[in-house]
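Here are my notes on the model you sent over. I've kept them as numbered points so you can reply to each in turn.

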Amino acid sequence: MKNKIIMTALAGLLLTSFGAYRKYQPVTEVRTALYGNDIEATDTASLATIAWHEFFTDPDLRSLIDTALVNNTDYQVAQLRTEQALASLGAAKLAYFPSLNLGDDGNITRYDGLTTKTYNVGLNASCEVDIFGKLTAAKRGAAAAAVSADELPALLLSIMRLGEGNKFL
């Protein structure tokens with residue numbers, strides 16, 4: 001009788017422990033005047049809303065900016081990191097699928113005039129069950145890295161364009 005009670009309590013404890021990771025629910029309500037009182041802007045035109053090719057009208061400056069963008073290694077590295085992050089995200093998504101491995105091996109041995117041939121073929125199938133959220137956490141981390149890496153080239157472009165324009169002035 002005691003064993004049944006202990007086994008039932010253990011089973012209940014194990015089944016309730018699977019809900020350790022819950023999906024994050026962000027706060028949907030924001031306090032009014034969270035960052036102070038709103039300031040009404042009368043002029044809506046700013047440098048942030050103007051495209052760089054409209055802001056810099058000189059053709060020499062435009063060609064200089066285009067040359068700097070094409071030859072900039074930081075920008076190229078940022079693009080490669082974006083591709084790398086997207087590839088990591090794809091690999092993290094594929095971790096949910098089972099994996100199959102096929103291997104073969106062959107040996108020929110000769111001893112005292114006798115020849116022995118041995119062939120081995122093996123097939124291995126494995127699947128990981130995401131009980132504690134390891135695969136989900138890896139996928140979310142790869143997705144966050146892909147999003148941040150995707151924003152980096154645009155940031156570098158804006159910094160370089162602003163820097164080239166200041167050098168020209």
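What pattern does the chain follow, read along the sequence?

1. Start with the overall layout. This is a predicted model, and reading along the sequence gives α-α-α-α-β-β-α. In total that comes to 5 helices and 2 strands.

2. Some whole-chain numbers next. Of the 169 residues, 14% count as buried. The chain exposes about 14,500 Å², with carbon and sulfur atoms supplying 60% of that area. If you look at contacts between residues at least 6 apart in sequence, 62% of them join residues at least 24 apart.

3. On to the nonpolar cores. The largest one has 7 residues, namely Trp52, Phe56, Leu61, Ile65, Leu69, Tyr75 and Leu157. Helix H3, covering residues 59-71, gives the most to this core, with 3 residues. There is also a second, separate core of 6 residues, and Leu89, Ala92, Ala142 and Ala146 are among them. As background, nonpolar side chains in soluble globular proteins tend to be buried together.

4. Trp52 deserves its own look. This residue of the largest core lies in helix H2, which covers residues 52-55. Is Trp52 buried or exposed? Trp52 counts as buried because its relative accessibility is 19%, and the cut-off for buried is under 20%. Its C-alpha atom is 9.7 Å from that of Ile65, and the two residues are 13 apart along the chain. Ile65 belongs to the largest core as well.

5. Now for helix H4, residues 73-94, where you'll find Thr82. With a relative accessible area of 9%, Thr82 is buried. Which residues does Thr82 contact, leaving aside its neighbours within four places in sequence? They are Ala149, Asp150 and Pro153.

6. Gly141 sits in helix H5, which runs over residues 134-168. Gly141 has a relative accessible area of 39%, so it is partly exposed. Gly141 and Leu89 are 52 residues apart in sequence, yet their C-alpha atoms are 8.4 Å apart in space. Leu89 is one of the residues in the second core.

7. The two strands make a hairpin, with 2 residues between E1 and E2. The pairing is antiparallel and runs over 13 bridges. If you want to check the register by eye, Thr109 has Thr116 of E2 as its bridge partner, and Asn107 stands opposite Thr118 in E2.

8. Take a look at the turn of that hairpin too. Asp112 is in the loop between E1 and E2, and its phi is near 55 degrees, a positive value in a residue other than glycine. For context, most residues other than glycine have a negative phi. Asp112 counts as exposed because its relative accessibility is 67%.

9. Last, the surface of the hairpin. Which residues make the nonpolar surface patch of about 520 Å²? The patch is made by Leu100, Leu102, Val121 and Leu123. Strand E1, residues 99-111, and strand E2, residues 114-126, each supply at least two residues of the patch. Leu100 has its place in strand E1, and its relative accessibility of 63% is why Leu100 counts as exposed. Compare that with Trp52 in point 4, which counts as buried.

Key. Residues numbered from 1 in each chain as written. Predicted model: local features only at pLDDT ≥ 70, side-chain atom pairs only at ≥ 80, totals over all residues. Heavy atoms only, no water. Patch = residues over 30% accessible without salt bridge, like charges linked within 9 Å, V, L, I, M, F, W, Y side chains within 5 Å. Areas by Shrake-Rupley, 256 points an atom, 1.4 Å probe, with all protein chains shown as cover. Salt bridge = Lys/Arg side-chain N within 4 Å of Asp/Glu carboxyl O. Helix = DSSP H or I, 4+ residues; strand = E, 2+ residues; numbered from the N terminus. Buried < 20%, exposed > 50% of the residue type's maximum accessible area, 1.4 Å probe, protein only. Core = buried A, V, L, I, M, F, W, Y, C linked by side-chain atoms within 4.5 Å. Contact = heavy atoms within 4.5 Å. Pairing = 2+ DSSP bridges.
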